[in-house]
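Reader: I should like to learn how helix faces, enclosed spaces and charged pairs are read from a model. Could we begin with a helix?

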Amino acid sequence: MHDDPRSAREERTISRWTRSQAAAIRRSEATLAPVVYPPTEDIDPDVHVWDTWLLRNRDGTVAEIDGYRVIFSLTAPADLLPGKRHDVATIRYFYSRDGREWTCGGPVFDGDAPFGSRQWAGSALYDETDGDGKLYVYYTASGTRGETDLTYTQRLAVGSGGTVETDGDGLEISGPFDHEILLEPDGTEYEREEQSRGMIYTFRDPWFFEDPATGETCLLFEANTPVPDPELESDRYDADPEHLDFNGSVGLAVSPSGDPTEWELESPILEGVGTNQELERPHVVVQNGKYYLFLSSHEHTFAEGLEGYDALYGFVADSLRGEYVPLNESGLVLTNPESAPFQTYSWLAYPHREEILVSSFFNYYDLRGLSLDDVANLPDDEQQRRFGGTLAPTVRLGVDGTETRVLGVLDHGHLPLPREELPSLLASYRGGGDGSEY
């Protein structure tokens, strides 16, 4: 480890998502999801459901506990206006035997977590290293405990030590959990809130990953790179100074001992300085010896002069630290059709044999040309009607080196395991490639 993270930065080249790469973003048949319609039933009609992740083992495989798989989701009461859901977000868990029918087990933590005023996205580890399964629920502690006015301070946190029990009626997660703040930005590699000039500040979305090639225990997260003097650093990032307020990055921390609660910050593995402000929910899929780094981003977080979409973006390298190159030349992997640009968001990819499956949540639909700002001005009942707030159809991706393509879609919230067969591609994709039918 290096005492000075800047010296580590100078010893290697940090991969960058450049403006010239992002300028090539275009919808195509290979990257287009079909139009999504409401499901017959929500995963839980009593809550809004959005950012979702699977309970995984240390090696990244989906955990199965007595035949159950488990997902965690950010949730809020269903009678709350959708635009307010982030202000009260709570992590709930859901379990299923078949990856189709999900049962809500309730909030993960008994009472509020002790850090922050609400919980934002993370990841979950079921660790059986010592024989007994131990649960680690990583999350973003957002805001300040007991605050009167909402703030956006963000720290990476974990609740560890919970238990998972099953019986004939289902699965239950229970505490007590030991909560810790794991990491805060250092101000050098990772921007502190008081340094931020951008539209959105980020230090969130902790994602546990154990490198299969090296055995190294890692934590990925979303952050921003400090750019203290844009005039001096514009050449470095090949961007005009005014573009450098858009400074998203994918951060990396390493546990030297392998302890899932002890971390040391390292340099980012990807920077989007001058290109995009938010590189959300970064995660890696290792397939055929390649490291596929995926993240979500919005159309409005691209720097001026670039036109991106609410979409899943991806990059590929031969090792975790890169060097990464964008998939499909621009980084665009999966996006919504032009007629429904905000229908899904917050994508999570995981491997299924030779394919990659991508889950997300059903976001705003039936907008008929309205922007998200327009939606906020609609009557309350119309805002509710146009928000999905449940799991979206799962998309099947084919991957070949630096290229990906949409192969088909599964039902809303269908999350199969690799041992489970998928339907024929013809049956799973009835659209015409232009997203006209699902």
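**Reading a helix, its spaces and its charges**

Author: In this predicted model, helix α3, residues 230-237, has four buried residues: Pro230, Glu233, Ser234 and Tyr237. They lie on the same side of α3, because the arc they cover around the axis is only 135 degrees.

Reader: What general idea lies behind such a reading?

Author: An α-helix has 3.6 residues a turn, so residues three or four places apart point the same way.

Reader: Which residues are exposed on the other side of α3?

Author: Glu231, Leu232 and Asp235 are exposed there. Just after α3, aspartate 238 adopts a positive phi of about 50 degrees.

Reader: How should one read empty space within a structure?

Author: Rolling a probe the size of a water molecule over the atoms shows where empty space is left. Here, a search of the whole structure yields 3 cavities of 30 Å³ or more. The largest cavity has a volume of about 70 Å³. Strands β20 (344-352) and β23 (393-400) are the elements that contribute two or more residues to its lining. Among the lining residues are Leu334, Trp347, Pro393 and Val409. By class, the lining of the largest cavity comprises 8 nonpolar, 4 polar and no charged residues.

Reader: What is the class composition of the lining of the second largest cavity?

Author: The second largest cavity, of about 40 Å³, has a lining of 5 nonpolar, 1 polar and 2 charged residues. Asp205, Pro206, Trp207 and Arg281 are among the residues that line the second largest cavity. Two or more residues come from each of β6 (118-127), β11 (204-210) and β15 (280-287). The largest share, 3 residues, belongs to β11.

Reader: What volume does the largest pocket have, and which residues are closest to its centre?

Author: The volume of the largest pocket is about 1100 Å³. Of its 35 lining residues, Gly83, Arg85, His86, His298 and His300 are the closest to the centre. Elements that each supply at least two residues of this lining include β2 (47-56), β21 (355-364) and α4 (372-376). The most comes from α4, with 4 residues. The lining of the largest pocket divides into 15 nonpolar, 8 polar and 12 charged residues.

Reader: How does one then read the charged pairs?

Author: Side chains of opposite charge can pair when their charged atoms come close. A search of the whole structure finds 22 salt bridges. In one of them, the side chains of arginine 197 and aspartate 245 meet at 3.0 Å, N to O. This pair links distant parts of the chain, 48 residues apart: arginine 197 is in the loop between β10 (178-183) and β11, and aspartate 245 in the loop between α3 and β13 (247-255). Arginine 197 counts as partly exposed because its relative accessibility is 40%, and aspartate 245, at 25%, is likewise partly exposed.

Reader: Are the partners arginine 204 and glutamate 222 buried or exposed?

Author: Both are buried, arginine 204 at 6% relative accessibility and glutamate 222 at 0%. Their side chains meet in a salt bridge of 3.2 Å, N to O. Arginine 204 lies in strand β11 and glutamate 222 in strand β12 (residues 217-224), so the pair ties together parts 18 residues apart in sequence.

Reader: Which residues are linked in a network of salt bridges?

Author: The network links Asp366, Arg368, Glu382, Arg385 and Arg386. The side chains of arginine 386 and glutamate 382 meet at 2.9 Å, N to O. Arginine 386 counts as buried at 12% relative accessibility, whereas glutamate 382, at 21%, counts as partly exposed.

Key: Residues numbered from 1 in each chain as written. Predicted model: local features only at pLDDT ≥ 70, side-chain atom pairs only at ≥ 80, totals over all residues. Heavy atoms only, no water. 1 Å grid on protein atoms, 1.4 Å probe; cavity = no way out; pocket = protein on both sides within 12 Å on 5 of 7 lines; lining within 4 Å. Points joined across faces, edges and corners; volume = space filled by probe spheres on them. Nonpolar A, V, L, I, M, F, W, Y, C, P; charged D, E, K, R; others polar. Buried < 20%, exposed > 50% of the residue type's maximum accessible area, 1.4 Å probe, protein only. Arc of directions from axis to C-beta. Salt bridge = Lys/Arg side-chain N within 4 Å of Asp/Glu carboxyl O.
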